[in-house]
Amino acid sequence: MDYGLWTMDYKDTIQYLYTQLPMFTRDGASAYKANLDNTIELCKRLDNPQHKFKSVHVGGTNGKGSTSHMLAAVLQTAGYKTGLYTSPHLKDFRERIRINGQMISEQTVIDFVENHLKDFDEIRPSFFEMTVGLAFDVFATEQVDIAIIEVGLGGRLDSTNIINPLLSIITNIGWDHMNILGNTLPLIAGEKAGIIKPGVPVIIGENQPETAQVFVEKAAKERTTLLFASDTWEIQKSKVKGQKENLLDLTATKNSQFTTHNSQLIQLDLTGSYQLKNVKTVLTAIDELRIQGFNISDDDIRTALSQVKTLTGLHGRWETLTEKPLTICDTGHNPDGIQEVLKNIAFVNYKHLHFVIGMVNDKDITKVLSMLPKEATYYFCKPDIPRGLEAESLKQKAESIGLQGLTYTSVKQALQAAQNAAGDDDLVFVGGSTFVVAEVV
């Protein structure tokens with residue numbers, strides 16, 4: 001192939017990436033590589049950009065995206081040029097790679113692919129491996145002060161796991177991707193613990209009895225310090241005068257064994273109740289970064305957390321789409337994520353629940369479906385990706401558990417039907433998969 005004659009616009013480039021290279025979000029386990037060889041070789045040809053910027057590595061089953069965005073918001077508010085790498089994207093591929101909240105340019109993506117077509121042809125990297133190479137190359141070229149790097153899947157064998165970060169974070173462990181990571185929580189934790197590196201401090205978001213020892217032992221083996229954020233900070237909802245509905249008011253208090261620090265009031269624009277866990281993780285991470293010399297004030301924290309969505313472009317976390325009827329979406333999709341969604345639904349005053357739901361076809365969805373309220377009306381649909389579970393198959397599985405509803409030919413048609421059927425006092429919820437939410441935000 002004469003690579004020098006290849007000319008692509010942005011649309012062509014993205015199409016090339018999606019069709020030429022395996023992509024986990026579309027194709028599932030077949031795109032998962034059980035080693036780091038391709039990433040190591042690709043980054044070697046890029047002159048190892050991962051060694052040219054400071055980083056924080058964020059893994060876990062749930063909450064790693066929100067945690068990454070909050071941390072990035074705080075660091076950029078504190079004046080640091082901050083890279084942010086997350087996945088998957090909702091609307092635009094470039095959401096995955098941001099600097100100070102701004103997506104990279106279309107031309108950056110085009111140039112990277114055109115310049116490395118020969119490398120791709122020789123290495124045959126997956127979509128995710130290529131994207132990680134692009135992110136690291138951009139962060140090195142742009143000379144970011146620090147980059148927040150979210151793990152894609154697992155940890156030990158994830159393409160991002162070639163960095164040597166200042167700090168490793170694992171939010172929690174739950175049931176997800178068991179066909180790849182293992183069918184017990186300790187096995188899944190063992191894979192996630194693979195991001196713990198020699199001498200690099202570790203923060204675990206939740207102290208979970210089934211998995212805590214896995215992390216304690218791994219940290220000891222790597223001779224590094226470990227903190228459980230859930231034991232370090234107390235976060236409570238609070239009511240303040242002039243409270244805005246789109247902000248969650250919180251009181252954050254550091255446990256006395258760690259400090260005599262007074263309580264501080266925080267307003268958070270991510271209003272899902274599950275964010276309280278993530279805020280503990282973020283505050284614990286900031287404490288560690290301060291120890292390592294980062295100048296982050298309490299004002300920086302307050303300012304950033306009140307406008308995470310504006311600063312970093314985060315969407316799909318307990319996000320209100322319309323007021324009448326009240327329509328809310330959330331990307332929670334595994335058992336722990338759905339449990340948090342149901343807690344938030346319980347806080348809403350509504351007459352009837354209309355549940356727009358779509359899922360992917362390579363997961364055991366029985367546990368999630370069995371958790372859902374039987375009194376709701378369901379609108380079954382298929383997210384527009386190859387891994388999407390057919391709406392009729394989803395309906396049949398749901399009916400066997402006692403959930404009732406109709407199928408629709410698209411996510412948007414299902415949402416339209418739910419909103420048409422809902423009264424002003426009803427709640428329409430959209431979820432079941434990140435890819436369903438991507439079609440409505």
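Hi everyone, let's start with one residue: Thr67 sits in helix α4, which spans residues 64-77. Before I go on, please keep in mind that this is a predicted model.

So, is Thr67 buried or exposed? With a relative accessible area of 0%, Thr67 is buried, because anything under 20% counts as buried here. Which backbone atom does the side chain of Thr67 reach? That would be the backbone oxygen of Gly63, at 2.8 Å. If we set aside neighbours within four places in sequence, Thr67 also touches Val58, Thr171, Asn278, Thr281 and Val282.

Let's move to another helix, α9, which covers residues 185-192. Its buried residues are Leu185, Ile188, Ala189, Glu191 and Lys192. Those five span an arc of only 160° around the axis, which places them on the same side of α9. For anyone who likes the helix geometry: an α-helix has 3.6 residues a turn, so residues three or four places apart point the same way. Have a look at the start of α9 too, where a side-chain oxygen of Thr184 comes to within 3.1 Å of the backbone nitrogen of Leu187.

Next, a pair of helices. The axes of α3 (residues 37-45) and α7 (residues 127-141) come within 10 Å and cross at roughly 35°, and that crossing is right-handed. Which residues meet there? From α3 we have Asn38, Thr39, Leu42 and Cys43; on the α7 side they meet Glu129, Met130, Val132, Gly133 and Phe136.

Finally, let's turn to a sheet. Here 6 strands make an open sheet with mixed pairing, and the order is β12-β13-β17-β14-β15-β16. Which strands stand at the edges? They are β12 (319-323) and β16 (404-407); each has a single partner strand, so one side of each is left without a neighbour in the sheet. On average, neighbouring strands of this sheet are turned by 20° against each other, direction ignored.

Let me zoom in on one pairing within the sheet. Strands β13 (residues 326-329) and β17 (residues 427-431) run parallel and are joined by 4 bridges. If you want to find one of the bridge partners on your screen, Thr327 is matched with Val428 in β17.

And what lies across β14, β15 and β16? That is helix α17, residues 391-401. The helix runs at about 170° to β16, the edge strand we just met.

That's my tour, and I'm happy to rotate the model to any of these spots.

Methods:
Residues are numbered from 1 along each chain as its sequence is written. This is a predicted model: local features need pLDDT of at least 70, side-chain atom pairs count only at pLDDT 80 or more; totals for chains, interfaces and linings use all residues. Side-chain values use heavy atoms; hydrogens and water are left out. Buried means under 20% relative accessible area, exposed over 50%, partly exposed in between (1.4 Å probe, protein chains only). Helices (H or I, at least four residues) and strands (E, at least two) are DSSP runs, numbered from the N terminus. The arc is that of the directions from the helix axis to the C-beta atoms. A polar contact is a pair of N or O atoms within 3.5 Å; within protein, one must be able to donate a hydrogen and the other to accept it, and residues adjacent in sequence count only if both atoms are side-chain atoms. Two strands pair if DSSP finds at least two bridges between them. Axes are lines fitted to C-alpha atoms, for helices over the stretch in contact, and angles run from 0 to 180 degrees between N-to-C directions. Contact means heavy atoms within 4.5 Å. A crossing is left-handed if the near helix is turned anticlockwise from the far one by less than a right angle, and right-handed if clockwise.
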